[in-house]
Amino acid sequence: VPEAIVYHYSGGSLSGGIRKTDKYATTYMRRYLGERNTISNFIKNYQAVTLLWLLPLYLMINVVEMIIFGLFGKFRVAYQYLAAWWWNLKKIKQILAKRRWIQRRRLVDD
């Protein structure tokens, strides 16, 4: 319905997000799901040429973030990145099947 309006305020199904005090707080599950879904969406939606530079760059950024979290003793946060990449590797067949479906229907290049 063109008149429909959706108000989405900071992922209500998980705790964390923007608080009424304008401070941002997150949980391990939010960090994991955010990274997991970002990687999956990259693979499904971007063209192969874009993925050739995007995925290695994103992995490098994630590695740097993991190192920084590790230096600050936030090992559980750093682990969420590894878990997100591992989930995508385990689900790669399903992700690639969805990618084929999406790529066949694309009308606009990256």
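Colleague: What reach is expected of H3 at 1.5 Å a residue, and how far does H3 extend from its first C-alpha to its last?

Modeller: The 16 residues of H3 reach 22 Å, close to the 22 Å expected at 1.5 Å a residue. The expected span of a helix is 1.5 Å times one less than its number of residues. This is a predicted model, in which local features need pLDDT of at least 70 and side-chain atom pairs count only at pLDDT 80 or more, whereas totals for chains, interfaces and linings use all residues. Residues are numbered from 1 along each chain as its sequence is written, and side-chain values use heavy atoms, with hydrogens and water left out.

Colleague: What makes a segment a helix or a strand, and how many of each are there in the protein?

Modeller: Both are DSSP runs numbered from the N terminus: a helix is H or I with at least four residues, a strand E with at least two. The protein has four helices and two strands, in the order β-β-α-α-α-α along the sequence.

Colleague: Why does the span of H1 agree with expectation?

Modeller: The span of H1 agrees because its 18 residues should cover 26 Å at 1.5 Å a residue, and its end C-alpha atoms are 26 Å apart.

Colleague: What span does H2 have, and where does H2 kink?

Modeller: H2, residues 48–71, has 24 residues and reaches 34 Å, close to the 34 Å expected. A kink of about 25 degrees lies at leucine 54, shortly before proline 56. The bend at a residue is the angle between axes fitted to the seven residues ending there and the seven starting there. After H2 comes glycine 73, with a positive phi near 75 degrees.

Colleague: Why is asparagine 62 called buried?

Modeller: Asparagine 62 has a relative accessible area of 1%, and therefore counts as buried. The term means under 20% relative accessible area, with exposed being over 50% and partly exposed in between (1.4 Å probe, protein chains only). Asparagine 62 is located in helix H2, whose buried residues also include Thr50, Leu51 and Tyr58.

Colleague: What does the side chain of asparagine 62 meet in a polar contact?

Modeller: Its partner is the side chain of glutamate 35, at 3.5 Å. A polar contact is a pair of N or O atoms within 3.5 Å; within protein, one must be able to donate a hydrogen and the other to accept it, and residues adjacent in sequence count only if both atoms are side-chain atoms. Beyond neighbours within four places in sequence, asparagine 62 is in contact (heavy atoms within 4.5 Å) with Glu35, Ile39, Tyr81 and Trp85.

Colleague: Why do lysine 44 and serine 40 count as buried?

Modeller: Lysine 44 counts as buried because its relative accessibility is 18%; for serine 40 the figure is 7%, so serine 40 is buried as well. Lysine 44 belongs to helix H1, as does serine 40. Setting aside neighbours within four places in sequence, lysine 44 touches Ile95, Lys98, Arg99, Ile102 and Gln103, while serine 40 touches Trp87, Asn88 and Ile95. The C-alpha atoms of lysine 44 and lysine 98 are 6.4 Å apart, with their positions 54 residues apart along the chain.

Colleague: Why is alanine 83 classed as buried?

Modeller: With a relative accessible area of 15%, alanine 83 is therefore buried. Alanine 83 is placed in helix H3, and its C-alpha is separated by 8.0 Å from that of arginine 36, 47 residues away along the chain. The buried residues of H3 pack against H1, H2 and H4.

Colleague: What makes a set of residues a nonpolar core, and which residues form the largest one here?

Modeller: A nonpolar core is a set of buried Ala, Val, Leu, Ile, Met, Phe, Trp, Tyr and Cys residues joined through side-chain atoms within 4.5 Å. The largest has 12 residues, among them Tyr32, Ile39, Leu54, Tyr58, Ala83, Trp85 and Ile95. H1, H2 and H3 each supply at least two residues of this core. In soluble globular proteins, nonpolar side chains tend to be buried together.

Colleague: How much of the protein is buried?

Modeller: Of its 110 residues, 26% count as buried.
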